[in-house]
Amino acid sequence: MTTFRAIFSAATVVSLAALLAACGQSPGGGPLADAPLSAPTSPVQSKPLGGISSSQIGNGPDKVALILPLTQNGNPSSIGTSLRNAAELAYAESGSNDLTILVKDDRSTPDGARDATQAAINEGAELVLGPLFAGDVREAARVAKAANRPVIGFSTDTGAASHGVYLLSFLIESYVDRIVDYAAAQGKKSFAALVPENDYGNVALAEFQQAAARRNIRVQAIERYQPSTLNAAVARIGANLSQVDALFIPDQAEAMPAVAQALTANGVDSHKVQILGTGIWNDARVLKLPALQGAWFATPENTGFNAFAARYRAKFGSDPARIATLSYDSVSLVSALARTQGSQRFAESTLTNPSGFNGADGVFRFRAEGPNERGLAVLQINNGAATTVSPAPRSFSGNNT
């Protein structure tokens, strides 16, 4: 199965096939199917442009900006490099000759993002891809909105989204909604939450409470913790176990060994209470923990990323960052839109198509107000590995509201 074989979901394949036929392309070719990795690209070596590190991919008539953290504190950024490489791979595989991708370094700062976006718009960019960090997206968006240019940002902070500023990232809210909905569908009715006192925990808890209210789930206990108060918080959760059938723990992979130890020490048994997590648990450090065997978490399915990563390694000789698919999918998307959608290629109605798009990490669509919806799977941890218990949807149903 190719990674970006169909940009639009099944609901619009027929109309897209007609567009391709009108362009002299078959539905199985052109930008909607994988091309050989040797497909030509036209990258220009990075060079300073008014103090902004700049390069380009391709030489087509339609220009888009790609704003990336190529440097941080004056040093090269491995994340930025991975994102740029993924963009180059996507361009090569698209077979596109419609695009010029103006790659700009935002220096991992809001001021850098502002300057890079303005430079790209001055050079004719019709749309902005990136930046990565929330503050940088906000500054890029301010410049882009003034020029009436849409933005597809990579931040996970939904506060950076707005009308015309769409987020392609893996949103905490999506993980929480998916795992709560799945647990409720499996008959779980009484939840507790063990939530770190940090920004990720704050967002996850707010969404958890909304999701629980929507599904008429009783929230029996909520315990917040810092590393120094973790054991006491778990002890209080343990005291309520007889009234709880699911325990939600939205913490980072690096924190979970300590959490697992506290669960065991306080008699919280994953065979007696269903433990729930988010996509950041898709990590070997979490999967091997005895206290979490049997836990469920929501995440993109691994198949698409694994295929992308294999092609990336073949081209660049290294492993991609996990978030490199954001750059890959965004460039694949705009390449196909430039090829098939004419003057409406980057219009709001095109970008917010309710049928969505299909990328390396599955189906996604943009909401009019900016955040995205993704088709996520639910995985269960067993014997140190994760297996799918509820596959990700392959298409969206209903309107994008």
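These are legends for several close-up views of a predicted model.

**View 1. The whole chain, for orientation, in this predicted model.** Before zooming in, here's the inventory: the protein chain holds 12 helices and 19 strands. Of its 401 residues, 56% are buried. As for contacts between residues at least 6 apart in sequence, 70% of them join residues at least 24 apart.

**View 2. The largest pocket, with about 890 Å³ of space.** Start at the middle: among the 32 lining residues, Thr156, Phe170, Tyr200, Ile280 and Ile323 come closest to the pocket's centre. Three helices are worth picking out around the lining, namely helix 5 (172-185), helix 6 (199-214) and helix 10 (302-316), each of which supplies at least two residues. If you sort the lining by class, you get 15 nonpolar, 10 polar and seven charged residues.

**View 3. The second largest pocket, with a volume of about 480 Å³.** This one has 20 lining residues, and those nearest the centre are Ser174, Asp177, Arg178, Glu373 and Arg374. Helix 5 turns up again here, along with helix 6 and strand 17 (372-374); each of these gives the lining at least two residues. Which element gives the largest share of this lining? That's helix 5, with five residues. The class count for the second largest pocket reads 10 charged, five polar and five nonpolar.

**View 4. An open sheet of seven strands, with mixed pairing.** Read across the sheet, the strand order is 11-10-12-13-14-18-19. Strand 11 (218-225) and strand 19 (385-390) are the edge strands, and each has a single partner, so one side of each has no neighbour in the sheet. Going from one strand to the next, the twist averages 25°. For a look at one pairing, take strand 14 (residues 296-299) and strand 18 (residues 377-382), which are antiparallel and share four bridges. Within that pair, alanine 298 sits opposite valine 378 of strand 18. Helix 5 packs on this sheet, where it touches strand 10 (190-196), strand 12 (246-248), strand 13 (274-277), strand 14, strand 18 and strand 19. The direction of helix 5 makes about 135° with that of strand 14.

**View 5. A three-stranded open sheet with antiparallel pairing.** The order here is 15-16-17. Why is one side of strand 15 (357-359) and of strand 17 left without a neighbour in the sheet? Both stand at the edges with a single partner strand each, so there is no neighbour on the other side. The twist in this sheet averages 30° from one strand to the next. Zoom in on strand 15 and strand 16 (residues 362-366) and you'll find three bridges in an antiparallel pairing. Asparagine 358 is the residue opposite valine 363 of strand 16. Helix 11 (residues 324-340) packs on the sheet and touches strand 15, strand 16 and strand 17. Its direction makes about 70° with that of strand 16.

**View 6. Strand 3 (residues 62-68) and two of its parallel pairings.** Is strand 3 mostly covered or mostly exposed? Mostly covered: six of its seven residues are buried. Strand 6 (residues 99-105) runs parallel to strand 3 and is joined to it by seven bridges. Look for leucine 68 opposite aspartate 105 of strand 6. Strand 7 (residues 128-129) also pairs with strand 3 in the parallel sense, over two bridges. In that pairing, alanine 65 faces valine 128 of strand 7.

**View 7. Alanine 140, a residue of helix 4 (residues 134-146).** The relative accessibility of alanine 140 is 0%, so the residue counts as buried. What does alanine 140 contact once neighbours within four places in sequence are set aside? The list is Ala113, Thr117 and Pro131. For a distance to check on screen, try the C-alpha atoms of alanine 140 and valine 165: they are separated by 9.6 Å, with the two residues 25 apart along the chain.

Definitions and conventions:
Residues are numbered from 1 along each chain as its sequence is written. This is a predicted model: local features need pLDDT of at least 70, side-chain atom pairs count only at pLDDT 80 or more; totals for chains, interfaces and linings use all residues. Side-chain values use heavy atoms; hydrogens and water are left out. On a 1 Å grid over the protein atoms alone, a cavity is a set of points where a 1.4 Å probe fits but cannot get out, and a pocket is an open set with protein on both sides within 12 Å along at least five of seven lines; lining residues have an atom within 4 Å of a point. Grid points are joined across faces, edges and corners, and a volume is the space filled by probe spheres set on the points. Ala, Val, Leu, Ile, Met, Phe, Trp, Tyr, Cys and Pro count as nonpolar, Asp, Glu, Lys and Arg as charged, and the others, Gly among them, as polar. Two strands pair if DSSP finds at least two bridges between them. Axes are lines fitted to C-alpha atoms, for helices over the stretch in contact, and angles run from 0 to 180 degrees between N-to-C directions. Contact means heavy atoms within 4.5 Å. Buried means under 20% relative accessible area, exposed over 50%, partly exposed in between (1.4 Å probe, protein chains only).
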